[in-house]
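Welcome! Have a look at the model below and turn it around at your own pace. Then read on for a short guided tour.

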Amino acid sequence: MRPFNRLPALIAAVLTVVAAGVALVAAPAAFAQASDQSQAAPAPAATPAPADANATAQPAATPQPPPPLPDKEVVSNPYGLEALWKGGDFVSRGTLIILVLMSMGSWYIMFVKVYEQSKLFRQARKVQGTFFQAPSVSDGATQLKDGTAYRYIADSGIKANQHHTGKLLEQVDLNTWVTMSIQRAVDNVASRLQDGLAFLATVGSTAPFVGLFGTVWGIYHALTAIGIAGQASIDKVAGPVGEALIMTAFGLAVAVPAVLGYNWLVRRNKVALEQLRAFGADLHMVLISGGVKPRPAAAPVAAAR
């Protein structure tokens, strides 16, 4: 009976040893698997729990657009024209006013002269089409508008041709007398065309020096500010130097249009005068050839002789 009583105890011991060995072998693998799972999956405590049991899972938040960039800050220029007028003394303001008046006068003269020259060119075209097609000089002169340059020249020639009387005038032949009268009329028109051009020439030659005077005065203020402050900081120098540069720019802005306008108007005057002289020469030939009807009062004078 003893061998049969010892067999279950032996089997139990063997099973116990086998189970212990299996547990020792499986324990490192289970530990390694648990470590991998803990590294792969986040901890349950990291996800916030819903406040209410009935609350549903919230969707993932959409990315918000970046905030708009702030508007560009606009810094007012403390050294502009307004500062020049407010901060300048009577010399600076007087120089600026002189430049403005010179500029206004130049532009006014240029517009007026261009208008006058355009009228002369239109009259020249009209004269070629109507005046010399008339039966006589008197009839052609009546077709011209009163107060125009061509009407003035035509009337001067007609008057000279009809009033060649008197002891002193009789000593001058009719040809010379009519020529002198027409030439005198053309010269008067040419003198009228020159009106205002002297002002343009003066502005074009003096405006840069007026601006240079403002520049010198601005530099003087800059040196004075440095001497009072005792240091050459940029805030003490920028204002007066800026005034000086503005004055220089104003002087050039006034002078350049005046010079260009003067040269252009002089060239147009030459063209207009050439047309006037050509008309005067043609009128002289017509008058000398007898293109003027005799006056009714001229017959008794001739008969009396």
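## The largest pocket and its surroundings

Helix α3 gives the largest share of the lining of the largest pocket, with eight residues. This is a predicted model, so please keep that in mind as you read. The lining of this pocket is made of 20 residues, and those nearest its centre are K119, Q123, G147, T148 and A149. Which elements give two or more residues to that lining? They are α3, α5 and α7. The volume of the largest pocket is about 560 Å³. Sorted by class, its lining has nine nonpolar, seven charged and four polar residues.

## The overall plan

Now step back and look at the whole chain. The protein has ten helices and zero strands, so its pattern along the sequence reads α-α-α-α-α-α-α-α-α-α. Of its 305 residues, 28% count as buried. Among the contacts with a separation of 6 or more, 78% are between residues 24 or more positions apart.

## Two helices that line the pocket

Let us visit α5 and α7, which both appeared in the pocket lining.

Helix α5 has 14 residues, and from its first C-alpha to its last it reaches 20 Å, close to the 20 Å expected at 1.5 Å a residue. How many of the 14 residues of α5 are buried? Ten of them are, so the helix is largely enclosed by the rest of the structure. The buried residues include A149, Y150, R151 and I153. Notice that A149 is also one of the residues nearest the centre of the largest pocket.

Helix α7 covers residues 174-193, and its 20 residues should span 28 Å at 1.5 Å a residue; the end C-alpha atoms are 29 Å apart, which agrees. Its buried residues include W177, V178, S181, I182, A185, V186 and V189. Here is a handy idea for reading such a list: an α-helix has 3.6 residues a turn, so residues three or four places apart point the same way.

## Aromatic pairs

Next come the rings. The structure holds five aromatic pairs. One of them joins W107 and F111 in a tilted arrangement, with 6.3 Å centre to centre and 35° between the planes. Both residues lie in helix α3 (residues 90-130), four residues apart, about one turn of the helix. Are these two rings buried or exposed? W107 counts as partly exposed because its relative accessibility is 42%, while F111, at 59%, counts as exposed.

Another pair is formed by Y150 and F279, whose ring centres are 5.1 Å apart and whose planes meet at 75°, so this pair is edge-to-face. Y150 sits in helix α5 and F279 in helix α9 (residues 234-288), so the pair ties together parts that are 129 residues apart in sequence. Y150 is buried, with a relative accessible area of 3%, and F279 is also buried, at 2%. Ring pairs also bring in F131, which forms a cluster with Y150 and F279.

## Buried residues of helix α9

F279 has company in α9. The table lists some buried residues of this helix, with their relative accessible areas.

| Residue | Helix | Relative accessible area |
|---|---|---|
| G251 | α9 | 0% |
| H284 | α9 | 18% |
| L287 | α9 | 2% |

What does G251 touch, not counting residues up to four places away in sequence? Its contacts are L99, A207, P208 and G211. The C-alpha atoms of G251 and T206 are 8.6 Å apart in space, although the two residues are 45 residues apart in sequence.

H284 counts as buried because its relative accessible area is 18%, and the cut-off for buried is under 20%. Leaving out residues up to four places away in sequence, H284 touches N175, V178, T179 and I182. Two of these, V178 and I182, are also among the buried residues of α7.

L287 offers one more link across the sequence. Its C-alpha atom is separated by 9.8 Å from that of L174, and the two residues are 113 residues apart along the chain. L174 falls within the residue range of α7.

Note on methods:
Residues are numbered from 1 along each chain as its sequence is written. This is a predicted model: local features need pLDDT of at least 70, side-chain atom pairs count only at pLDDT 80 or more; totals for chains, interfaces and linings use all residues. Side-chain values use heavy atoms; hydrogens and water are left out. Rings of Phe, Tyr and Trp (its six-membered ring) pair if their centres lie within 6.5 Å; planes under 30 degrees apart count as stacked, over 60 as edge-to-face and the rest as tilted. Buried means under 20% relative accessible area, exposed over 50%, partly exposed in between (1.4 Å probe, protein chains only). The expected span of a helix is 1.5 Å times one less than its number of residues. Contact means heavy atoms within 4.5 Å. On a 1 Å grid over the protein atoms alone, a cavity is a set of points where a 1.4 Å probe fits but cannot get out, and a pocket is an open set with protein on both sides within 12 Å along at least five of seven lines; lining residues have an atom within 4 Å of a point. Grid points are joined across faces, edges and corners, and a volume is the space filled by probe spheres set on the points. Ala, Val, Leu, Ile, Met, Phe, Trp, Tyr, Cys and Pro count as nonpolar, Asp, Glu, Lys and Arg as charged, and the others, Gly among them, as polar.
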